[in-house]
Amino acid sequence: MFSKAIRTSLIVAATLASATVVAQHAFNDADKAVEYRQKALSVMQNNFAYMGDMLKGDMPFDLSIFNERAEVVAKMASVPWVGFAQEGAMPGANTDALPAIWDNWEDFQERAQQLQTNADNLLAAARTGDQQQMRDAFMTTAKSCKGCHDQYKD
């Protein structure tokens, strides 16, 4: 008989494997790719805004929650980009993405990579507990978001 830890590990592995299969087929249609990237970006934005509210003093600062939110942003920063690469997932009635993304694909990918780096740096700053480091890293990450939105979002 399997131990509880081995059984749990097998269940988690099977779940992840099935999620991978679903993800591979999730973009059989461009609308699903658009929905995927929009939802991923929305999760990032919601967590990022919460951290911003704490740093601005619009809500009480809680280091534990800030760290949790920074971790989510860092993890999510690599997620949405595959939804832009799907054939046919270019702008339409259901997206604010501009055609400039696909016209300047290399720049867009570089900006996505820079956001990932900045989000990782934000998480590292959060883990120090130093609010000035957090503010600086937050602002750098915010500039990454804004720069991409200014260039590639309607």
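These are my notebook entries on a predicted model, taken element by element.

**Confidence**

I looked up the confidence before anything else, and found that the protein chain averages a pLDDT of 85, with 82% of the residues scoring at least 70. The lowest value in the protein chain belongs to helix 1 (residues 4-25), at a mean of 44, while the highest belongs to helix 3, at 98. Within the N-terminal part I noted that the pLDDT is below 50 over residues 7-23, and that this stretch has three contacts in the model beyond near neighbours in sequence. Where pLDDT is low, predicted coordinates should not be read in detail, and I have left helix 1 out of the entries below.

**Helix 3**

I turned next to helix 3, which runs over residues 63-76; its 14 residues reach 20 Å from the first C-alpha to the last, close to the 20 Å expected at 1.5 Å a residue. At the start of this helix, I found a side-chain oxygen of Asp 62 within 2.9 Å of the backbone nitrogen of Ser 64. I then listed the buried residues of helix 3, which are Phe 66, Asn 67, Ala 70, Val 73, Ala 74 and Met 76. What covers these buried residues? I found that the cover includes helix 2 (30-56), helix 6 (105-128) and helix 7 (131-152).

**Helix 6**

Helix 6 has 24 residues and reaches 35 Å from its first C-alpha to its last, close to the 34 Å expected at 1.5 Å a residue. Its buried residues, as I listed them, are Phe 108, Ala 112, Leu 115, Gln 116, Asn 118, Ala 119, Leu 122, Leu 123, Ala 125 and Ala 126. The cover over them includes helix 2, helix 3, helix 4 (82-85), helix 5 and helix 7. After the end of helix 6 I came to Gly 129, whose phi is positive, near 80°.

I looked separately at Asn 118, a polar residue placed in helix 6. Is Asn 118 buried or exposed? With a relative accessibility of 6%, Asn 118 counts as buried, because the cut-off for that class is under 20%. Leaving out residues up to four places away in sequence, I found Asn 118 touching Thr 140, Thr 141 and Ser 144.

**Nonpolar cores**

In the largest nonpolar core, which has 30 residues, I asked which members touch the most others, and these are Met 51, Phe 66, Phe 84, Ile 101, Phe 108 and Leu 122. Two or more residues come from each of helix 2, helix 3, helix 5 (100-103), helix 6 and helix 7. Helix 6 gives the largest share of this core, with eight residues. Apart from it I found another core, of five residues, among them Phe 27, Ala 30, Val 34 and Ala 89.

I followed Ile 101 further, and with its neighbours within four places in sequence left aside, Ile 101 is in contact with Phe 84, Phe 108 and Tyr 152.

**Salt bridges**

How many salt bridges does the structure hold? I found seven, and I looked into several of them in helix 2 and just after.

Lys 32 forms a salt bridge with Glu 35, with the closest N and O atoms 3.9 Å apart. These two residues are three apart in helix 2, so about one helical turn separates them. Both partners count as partly exposed, Lys 32 with a relative accessible area of 44% and Glu 35 at 32%. I also noted that Lys 32, Glu 35 and Lys 39 are linked in a network of salt bridges.

Lys 56 forms a salt bridge with Asp 53, in which the closest N and O atoms are 3.7 Å apart. Here too I found the two residues three apart in helix 2, and therefore separated by about one helical turn. Lys 56 is exposed, with a relative accessible area of 60%, whereas Asp 53, at 28%, counts as partly exposed. The side chain of Lys 56 also meets that of Asp 58 in a salt bridge, at 3.7 Å from N to O, and I noted Asp 58 as exposed, with a relative accessible area of 55%.

Conventions
Residues numbered from 1 in each chain as written. Heavy atoms only, no water. Helix = DSSP H or I, 4+ residues; strand = E, 2+ residues; numbered from the N terminus. Expected span 1.5 Å × (residues − 1). Buried < 20%, exposed > 50% of the residue type's maximum accessible area, 1.4 Å probe, protein only. Contact = heavy atoms within 4.5 Å. Polar contact = N/O pair within 3.5 Å; in protein donor to acceptor, adjacent residues only side chain to side chain. Core = buried A, V, L, I, M, F, W, Y, C linked by side-chain atoms within 4.5 Å. Salt bridge = Lys/Arg side-chain N within 4 Å of Asp/Glu carboxyl O. pLDDT = per-residue confidence, 0-100.
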